[in-house]
Amino acid sequence: MKAPTTRASGSAPGLSKRTSGRPRSEKTRQAILKAAFHLLKREGFDGVSTQQIAIEAGVSTATLYRWWDNKQAILLDAYLETTRDLLP
C-alpha cells in the first residue's frame, strides 16, 4: 500500500513530501531529471510522456509520482536543474 503524501507548507507546487517509508535515492532523482530534460529537448513538451521518462531513466512511473505530482512538475524541475548554472 502506498504511503500517504502531503505537500509541506511552503514547498514548491508539484513536489510531494512523503510522510513515511524508505528514503528516496538522489541518484534516481538525478537519472529521472536527466532523462526528462533529454526527452524535452528531443521531443518538446507535448511529445513527452511520463512513461517515456520512466523508461529512459530506468524506473517505474510510480517512482516518478513519488517525487513529483505530474509531468509538468518533472519537466519544469528538469529544466531548472539543468539550466541553473547558466543563470546569473
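Contact here means heavy atoms within 4.5 Å. I keep that in mind for the entry on leucine 64, further down.

**Entry 1: overview**

I note at the start that this is a predicted model. I looked up the secondary structure and found four helices and two strands. Reading from the N terminus, I get the order β-β-α-α-α-α. The protein has 88 residues, and buried ones make up 30% of them. The exposed surface comes to about 6,000 Å², and carbon and sulfur atoms supply 55% of that area. I also looked at how far contacts reach along the chain. Among contacts with a separation of 6 or more, 56% are between residues 24 or more positions apart.

**Entry 2: the core**

I went to the largest nonpolar core, which has 18 residues. Which of its residues touch the most other members? I list Ile32, Ala36, Ile53, Leu64, Trp68, Ile74 and Leu75. Next I checked which helices feed this core: α1 (26–43), α2 (50–57), α3 (61–67) and α4 each supply at least two residues. Helix α1 gives the most, with seven residues.

I then took leucine 64 from that list and looked up its contacts. I left aside neighbours within four places in sequence. What remains for leucine 64 is Ile32, Thr50, Ile53, Ala54, Val59 and Ile74. Of these partners, Ile32, Ile53 and Ile74 are also named among the core residues that touch the most other members.

**Entry 3: arginine 29 and its partners**

I counted the salt bridges, and the structure holds five. In general, side chains of opposite charge can pair when their charged atoms come close. I followed the ones made by arginine 29.

The first I wrote down is with glutamate 26, at 3.0 Å from N to O. Both residues lie in helix α1, three residues apart, about one turn of the helix. Is arginine 29 buried or exposed? Arginine 29 counts as buried because its relative accessibility is 13%, and the limit for buried is under 20%. Glutamate 26 has a relative accessible area of 41%, so I enter it as partly exposed.

Another salt bridge joins arginine 29 to aspartate 77, with the closest N and O atoms 3.6 Å apart. Aspartate 77 is in helix α4 and arginine 29 in helix α1, so this pair ties together parts that are 48 residues apart in sequence. Aspartate 77 is buried too, with a relative accessible area of 18%.

I also found arginine 29 in a salt bridge with glutamate 81, at 3.5 Å from N to O. This pair again links distant parts of the chain, helix α1 with helix α4, 52 residues apart. Glutamate 81 has 25% relative accessibility, so it counts as partly exposed. Through shared partners, salt bridges join Glu26, Arg29, Asp77, Glu81 and Arg84 into one network.

One more distance involves arginine 29. I looked up tryptophan 67, which sits in helix α3. Tryptophan 67 is buried, at a relative accessible area of 12%. Its C-alpha atom is 7.7 Å from that of arginine 29, although the two are 38 residues apart along the chain.

**Entry 4: more on helix α4**

I stayed with helix α4, which covers residues 71–83, and looked at threonine 83 in it. Threonine 83 has a relative accessible area of 11%, so I put it down as buried. What lies 2.8 Å from a polar atom of the threonine 83 side chain? The backbone oxygen of tyrosine 79 does.

Tyrosine 79 came up a second time when I looked at the surface. Together with Leu76 and Leu80, Tyr79 forms a nonpolar patch there. The accessible area of the three together is about 300 Å². Leucine 76, for its part, is placed in helix α4.

**Entry 5: serine 60**

Last, I looked at a loop residue. Where is serine 60 found? I located serine 60 in the loop between α2 and α3. Its relative accessibility is 36%, so serine 60 counts as partly exposed. I also noted the separation of the C-alpha atoms of serine 60 and threonine 50, which is 9.4 Å. These two are 10 residues apart along the chain. Threonine 50 had already appeared in my notes, as one of the contacts of leucine 64.

Terms used: Residues are numbered from 1 along each chain as its sequence is written. This is a predicted model: local features need pLDDT of at least 70, side-chain atom pairs count only at pLDDT 80 or more; totals for chains, interfaces and linings use all residues. Side-chain values use heavy atoms; hydrogens and water are left out. Buried means under 20% relative accessible area, exposed over 50%, partly exposed in between (1.4 Å probe, protein chains only). A polar contact is a pair of N or O atoms within 3.5 Å; within protein, one must be able to donate a hydrogen and the other to accept it, and residues adjacent in sequence count only if both atoms are side-chain atoms. Patches are made of residues with over 30% relative accessible area and no salt bridge: like charges are joined within 9 Å, nonpolar side chains (Val, Leu, Ile, Met, Phe, Trp, Tyr) within 5 Å. Accessible areas come from the Shrake-Rupley method with a 1.4 Å probe; for residues, only the protein chains shown count as cover. A salt bridge is a side-chain nitrogen of Lys or Arg within 4 Å of a carboxyl oxygen of Asp or Glu. A nonpolar core is a set of buried Ala, Val, Leu, Ile, Met, Phe, Trp, Tyr and Cys residues joined through side-chain atoms within 4.5 Å.
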